[in-house]
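Me: Please go through this model with me. I will ask how each label is justified, and I would like the value set against the rule each time.

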Amino acid sequence: MVSLRNFEGGVLTAVVTPLTSDGDIKEDSLAEFIDFQVMNGIKGFFLLGTYGEGLAIHPRKRMYFLEKFLNYLRSDVLVIVNVSSTSPEVSLELARHATDLGVDTISSLPPIYYSQDVRGLIKYFSLFSKIEAHVLIYNNPHRQNYDITPSIFEYIAREVPNLRGMKDSSGSIERVHKLLSTNYGKDYFIAIANDLMILHTFLLGGKTHICGLSNLFPEIAHKIRVSILNNDLKLAVELQNILNNIREAIKEIPVDSSAVVKELIKLRGIDLGYPSLINRELTQNEKTQVLNKVKYIISKYSTTLNKAGINIDFK
């Protein structure tokens with residue numbers, strides 16, 4: 001693994017956790033999945049977050065998954081482990097376990113369900129000062145029901161010595177601009193995490209994007225960044241538009257996106273199993289609908305994909 005301090009930037013995949021129908025970790029496709037990601041340009045992994053259904057998986061299984069994932073990891077990539085839980089004690093246990101395995105960066109949502117002011121947030125994130133790890137705030141306002149604004153983040157960072165940055169999932173272009181065009185982007189590790197904003201992240205000089213759709217199409221997400229670095233903005237916009245269309249097709253299915261992604265990734269020849277026990281599987285009609293739409297989108301934009309040197313082969 002590469003350390004946070006030495007990470008040079010790129011797209012990280014917000015990994016969907018492979019599960020059996022009983023909710024156990026399905027490890028038989030992990031090596032294949034990791035190789036598929038790294039071979040297609042992915043520079044790291046965000047584990048057990050929203051796409052990874054971390055909050056729906058028992059802590060012991062979260063630990064087991066991390067152990068197996070790291071066993072199969074053969075590349076020098078960044079690994080960030082989400083340790084969020086409704087219990088701070090569980091979060092600390094998950095954080096200690098991750099650092100014992102050599103992970104140097106953990107991430108946590110602020111406390112959920114119970115409202116917090118700045119002092120409460122400082123108290124919570126200060127708990128991680130006991131852990132020898134870089135800590136990132138995982139800001140997901142739509143899930144936690146309140147927002148860690150840049151000014152609030154700055155207050156917390158002053159008081160928590162090992163707080164190194166933020167994963168921002170607000171989906172606000174104004175927020176992305178604020179975080180990346182000021183000293184926040186220079187002084188802290190800022191990762192934007194909204195699949196509609198890969199283009200914006202790197203165009204505004206961002207270093208890191210954490211992507212859910214790169215589970216399915218890592219090569220497209222990676223090539224958006226490469227196109228911007230190569231000053232081919234037109235191609236970057238066209239590739240972002242492809243992912244936007246795929247995201248729209250996924251959102252039409254009334255289940256969590258992680259469940260849809262697990263179904264779609266079978267098109268790439270990888271079986272990551274079932275949704276967690278709190279999420280349902282797709283119906284056959286839903287499977288047919290989303291599979292056909294995604295195949296159509298890839299076919300429709302084949303010229304753009306060819307121009308980017310991308311060949312998507314469905315199994």
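**Labels and their grounds**

Reply: To begin with one residue, S169 touches Y138, N139, N140, P141, H142 and A193, when residues up to four places away in sequence are not counted. The model is a predicted one. S169 sits in the loop between β6 (163-168) and α7 (173-180).

Me: Why is S169 called buried?

Reply: The cut-off for buried is under 20% relative accessible area. S169 has 9% relative accessibility, so S169 counts as buried.

Me: What makes I173 partly exposed?

Reply: Partly exposed covers the range between the buried limit of 20% and the exposed limit of 50%. I173 has a relative accessible area of 43%, and therefore falls in that range. I173 belongs to helix α7 and is in contact with M197 and H200, leaving aside neighbours within four places in sequence. I173 and T201 are 28 residues apart in sequence, and their C-alpha atoms are 9.3 Å apart in space.

Me: Why is Y113 called exposed?

Reply: Exposed requires over 50% relative accessible area. Y113 has 75% relative accessibility, so Y113 counts as exposed. Y113 lies in the loop between β4 (105-108) and α4 (118-126). Its phi is positive, about 80°, although Y113 is not a glycine.

Me: How do you know that N231 is exposed?

Reply: The relative accessibility of N231 is 72%, and the limit for exposed is over 50%. N231 therefore counts as exposed. The phi of N231 is also positive, near 60°, in a residue other than glycine. N231 is located in the loop between α10 (218-229) and α11.

Me: What makes G273 buried?

Reply: G273 has a relative accessible area of 10%, set against a limit of under 20%. G273 is therefore buried. G273 is found in the loop between α12 (257-264) and α13 (284-300). Leaving aside neighbours within four places in sequence, G273 is in contact with L19, K26 and K262. L19 is 254 residues from G273 along the chain, and the two C-alpha atoms are separated by 5.2 Å.

Me: Why is α12 described as largely enclosed by the rest of the structure?

Reply: Eight of the eight residues of α12 are buried, so the helix is largely enclosed by the rest of the structure. The buried residues are S257, S258, A259, V260, V261, K262, E263 and L264. They pack against α11 and α13.

Me: Why is I106 called buried?

Reply: At 1% relative accessibility, I106 counts as buried, because the limit is under 20%. I106 is placed in strand β4. I106 touches I80, V81, V83, A95, A98, F128, A133, H134, V135 and L136, not counting residues up to four places away in sequence. K130 is 24 residues from I106 along the chain, with their C-alpha atoms separated by 13 Å.

Me: Which residues touch the most other members of the largest nonpolar core?

Reply: They are L47, F128, I220 and I246, in a core of 113 residues. Helix α11 (residues 233-251) gives the most to this core, with eight residues. Leaving aside neighbours within four places in sequence, L47 is in contact with V15, F65, L66, F69, V79, I80, V81 and N82.

Me: How do you know that the radius of gyration agrees with a compact globule?

Reply: For 315 residues, a compact globule would have a radius of gyration near 20 Å; the chain has 19 Å, which agrees. Along the principal axes, the C-alpha trace spans about 50 × 45 × 35 Å. Buried residues make up 58% of the 315 residues. Of the contacts with a separation of 6 or more, 75% come from residues 24 or more positions apart.

Me: How many helices and strands does the chain have, and what supplies its exposed area?

Reply: The chain has 14 helices and eight strands. It exposes about 13800 Å², of which carbon and sulfur atoms supply 47%.

Me: Where do the centres of the positive and negative side chains lie with respect to each other?

Reply: The centres of the two sets lie 3 Å apart, for 35 positive and 34 negative side chains.

Note on methods: Residues are numbered from 1 along each chain as its sequence is written. This is a predicted model: local features need pLDDT of at least 70, side-chain atom pairs count only at pLDDT 80 or more; totals for chains, interfaces and linings use all residues. Side-chain values use heavy atoms; hydrogens and water are left out. Helices (H or I, at least four residues) and strands (E, at least two) are DSSP runs, numbered from the N terminus. The radius of gyration is taken over C-alpha atoms; the globule rule is 2.2 Å times the number of residues to the power 0.38. Buried means under 20% relative accessible area, exposed over 50%, partly exposed in between (1.4 Å probe, protein chains only). Contact means heavy atoms within 4.5 Å. Accessible areas come from the Shrake-Rupley method with a 1.4 Å probe; for residues, only the protein chains shown count as cover. Lys and Arg count as positive and Asp and Glu as negative; His and the chain ends are not counted. The place of a charge is taken as NZ of Lys, CZ of Arg, CG of Asp or CD of Glu. A nonpolar core is a set of buried Ala, Val, Leu, Ile, Met, Phe, Trp, Tyr and Cys residues joined through side-chain atoms within 4.5 Å.
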